[in-house]
Amino acid sequence: MMDTLLLSRIQFAANISFHILFPTITIALGWMLLFFKLRFNRTGEERWMDAYRFWVKVFALSFAMGVVSGITMSFQFGTNWPGFMESVGNIAGPLLAYEVLTAFFLEAVFLGIMLFGFRRVPGWAHTAATFLVAFGTTMSAFWIIVLNSWMHTPQGFEMRDGVAYATDWAAIIFNPSMPYRLVHMLLASGLTVAFLIAGISAFRWILGDRGAEVRTTLRTGLITAAALIPLQILAGDMHGLNTLEHQPAKVAAMEGNWETGPNVPLVLFAVPNEETRSNDFEIGIPNGASLILKHSPDGVVPGLNDFVTDDGEVLHPRVAPVFYGFRVMVGTGFAMLALSWGTLALMARRKPGATGSWLQTRRGIDALPRPVFWIAMVMTFSGWVATLAGWYVTEIGRQPWLVSGVLPTEAAVAEVPSGMVLSTLLAYLAVYAALTLAYIGALVHLARKAAGKTKAETYAPAAHNLQPAE
Amino acid sequence: MMTLFGDPEVWLPATFAALMGLSILIYVVLDGFDLGVGLLSPLATEEERDRMVASIGPFWDANETWLVLAIGLLLVAFPTAHGQILSTLYLPVAVMLIGLILRGVAFEFRVKAPVTQKRNWDWAFFAGSAMASLSQGYMLGAYVLGLAPGPLTWAFATLTAIFLTVAYSFIGATWLIYKAEGRLQQKAVDWAKGGIWGILGGLGAVSIASPLASPRVFEKWFSFPEVVLLAPMPLGFALIATLLVLALRHLPTKDDSWAWFPFSATIALFCLAFVGLAYSFYPYVVPDQLTIYEAAAAPESLAIILAGTVFVLPVILGYTAIAYTVFRGKATALSYD
């Protein structure tokens with residue numbers, strides 16, 4: 001039988017992994033819906049409203065999944081990790097309370113109006129509700145990222161008898177890793193949604209849907225992805241440098257670097273071995289890590305062996321999950337770069353024999369070869385892959401600390417019999433697996449239904465939607 | 001008591017206990033009626049079920065948020081207590097969470113998944129509502145008996161689990177009397193007629209068990225002059241319950257007047273019962289073990305949250321009222337158009 005600590009960690013990881021999938025979608029999708037609505041308000045073109053109507057369903061479904069799994073998270077602190085609140089509750093508590101007060105209610109209340117209030121409130125109020133929901137989800141993310149970043153780079157407090165007391169709230173909120181983590185996460189959400197929209201639109205295209213709506217969303221998704229991915233690479237690099245400054249052990253694990261020193265290679269592939277404390281099968285670019293992290297080939301990069309005490313206690317995270325997670329995240333990012341920029345380049349080609357302005361003679365979506373749609377479809381959930389991998393890198397990378405340097409993970413765990421943790425873990429896993437499949441199934445169903453619609457039905461006049469409530 | 005407003009270490013925990021109590025009460029009323037609608041859903045036809053779901057569709061999410069606020073305040077304001085309470089109630093909490101997950105996603109899936117799966121999601125909607133209601137009732141019972149393990153607690157908690165589920169069904173039925181019309185409204189009246197005996201029995205059981213289980217609670221209710229001063233509470237309860245029974249006999253009326261009464265009266269009953277429980281347990285957050293003063297977090301942290309709460313809570317109540325106004329009137333099938 002595994003011990004309560006390990007099972008509780010697996011349970012928390014399972015819960016947060018499932019939960020994070022849905023806010024990652026709703027944060028950016030909320031803004032995307034606002035964009036669709038504003039474009040519709042301005043142009044009056046039905047394609048924007050059709051896009052709104054299709055994607056608001058995906059939003060509602062994702063939001064419900066996020067809410068119910070988020071409630072689970074809020075109880076997990078008490079059931080599995082009571083030591084967390086007992087030790088740092090004076091800081092974590094207010095941050096969580098502000099999330100509920102400023103964001104959670106806002107989203108939940110205006111979601112009702114956004115989803116079902118179309119004919120009951122004037123058009124401007126419906127647009128305002130859409131904005132408030134998008135704003136609420138982003139505020140929610142802000143507070144959670146503040147707390148999470150503080151757990152990585154804690155400051156603005158003092159310890160008295162093992163309990164943290166806040167001394168400087170500005171320092172707590174604007175802790176050193178917060179801005180980087182927030183930007184990285186918001187961009188991750190934007191990319192996840194860009195690929196989701198592009199992927200599902202590509203799926204509808206493959207099913208034979210060539211309507212104005214699907215062309216609009218496919219273009220929007222691909223252009224958004226192409227715009228965000230370079231920003232994300234830049235933000236990720238800056239986040240990495242920030243981590244190097246504050247959590248060098250995490251970066252050492254990401255790089256798979258055991259010994260501190262200059263001229264450290266950039267390890268492309270390896271099998272980290274904690275027994276021999278070295279990498280097997282290593283393939284690397286000489287001086288690469290020194291160049292990236294220190295911008296100089298003989299820059300000194302910290303190694304994992306610095307984080308082992310003289311009596312053999314290991315104070316760095318387990319290397320393999322951090323090391324592989326980082327490679328999965330970066331690899332997915334480069335695949336995103338390739339697809340979005342490749343597609344854009346293909347779309348920007350001129351029509352053969354056309355004359356005139358380049359903007360008007362681009363071939364657009366019709367220029368895309370068929371495999372591109374298939375690749376886009378396969379990459380529908382690539383944002384999830386990269387987000388989860390990145391999340392594992394940063395969270396497992398914080399171990400063995402729950403709050404870096406303040407609270408060891410093992411000190412916070414509940415004294416609950418391991419059998420109870422195991423049985424609830426299995427129940428959660430069963431529910432989560434079933435729901436994830438049902439969610440993807442429902443998206444496929446919605447896409448097929450939309451693609452199967454006749455043209456007449458899709459473009460039937462929907463002017464009544466513009467009218468205020470009678 | 002005399003130093004209530006002098007010392008922040010006294011009035012801050014008391015204020016937060018009141019805020020937490022308020023959110024639990026709002027939660028029990030609001031999610032109570034929508035969980036109740038879920039519990040009653042198998043008794044309806046498919047078309048009626050669509051209208052029942054539509055009557056709570058715009059609200060359930062915000063209703064559930066009060067639970068998050070309540071648990072948030074518990075872990076924020078009373079960090080020592082929350083670990084003790086939640087790790088003792090580990091399994092019922094897990095059952096409740098899985099129930100809330102199933103109920104919450106069923107709303108969306110029943111209309112977005114292929115039609116052939118609608119029945120399964122309707123079933124999940126009912127099962128989730130039942131799991132959440134039963135486990136909340138179980139936790140209430142265990143809490144009333146001071147979270148002491150043993151067969152007596154399990155038996156009593158099982159009893160309160162059933163009673164709270166009936167009480168939720170009852171308030172759900174009264175909500176439907178208010179929001180439905182025609183055949184469904186008539187059905188809701190019939191459901192309420194059956195449910196009222198469950199809710200009265202349940203409250204009776206808790207009222208008898210709490211003083212018997214705790215000499216301190218007995219002392220608080222049955223010593224002089226408290227017994228006289230508190231008399232309006234049981235009397236008020238009896239009055240409202242009588243009016244409710246009478247009203248249910250005459251509903252639905254031809255012009256649909258008084259359809260609002262059973263729901264409002266039930267809210268009053270819930271409030272009275274809640275005040276009674278709160279009076280019994282004050283100043284304890286874990287009954288007979290840990291007071292709110294012993295369990296409270298640092299005053300500076302509580303002050304930070306209070307500042308925000310005082311400002312934000314009225315705003316939340318305000319826009320909640322707007323939402324209920326927007327969706328006033330009889331429920332019809334929900335659509336995104």
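Trainee: How many salt bridges does the structure hold over all chains?

Mentor: There are 18 over all chains, where a salt bridge is a side-chain nitrogen of Lys or Arg within 4 Å of a carboxyl oxygen of Asp or Glu. Bear in mind that this is a predicted model: local features need pLDDT of at least 70, side-chain atom pairs count only at pLDDT 80 or more, and totals for chains, interfaces and linings use all residues. Residues are numbered from 1 along each chain as its sequence is written, chains are lettered from A and ligands numbered from 1 in the order in which they are written, and side-chain values use heavy atoms, with hydrogens and water left out.

Trainee: Which residue forms a salt bridge with A:D366?

Mentor: A:R215 does, and the closest N and O atoms are 2.5 Å apart. The pair links distant parts of the chain, 151 residues apart: A:D366 is in the loop between α11 (358-361) and α12 (370-378) of chain A, and A:R215 is in helix α7 (residues 212-246) of chain A. Helices here are DSSP runs (H or I, at least four residues), numbered from the N terminus.

Trainee: What is the count of salt bridges between chain A and chain B?

Mentor: Zero. The contact (heavy atoms within 4.5 Å) takes 65 residues from chain A and 59 from chain B.

Trainee: And how much area is buried there?

Mentor: About 5,700 Å², with carbon and sulfur atoms giving 78%; buried area is the accessible area (1.4 Å probe) that two parts lose on being put together, summed over both. A:F75, A:F105 and A:F116 supply 14% of the area that chain A buries against chain B, more than any other three residues.

Trainee: Switching to helices, at what angle do α1 and α14 of chain B pack?

Mentor: Helix α1 (residues 8-40) of chain B and helix α14 (residues 299-326) of chain B pack at about 25 degrees, with their axes 11 Å apart. Axes are lines fitted to C-alpha atoms, for helices over the stretch in contact, and angles run from 0 to 180 degrees between N-to-C directions. The two helices are therefore roughly parallel to each other (angles under 35 degrees count as roughly parallel, over 145 as roughly antiparallel, 65 to 115 as roughly perpendicular and the rest as oblique).

Trainee: What about α4 and α6 of chain A?

Mentor: The axes of α4(A) (residues 123-152) and α6(A) (residues 178-206) come within 9 Å and cross at roughly 135 degrees. That makes α4(A) oblique to α6(A). Among the contact residues are A:F142 and A:I145 of α4(A) and A:L182 and A:M185 of α6(A).
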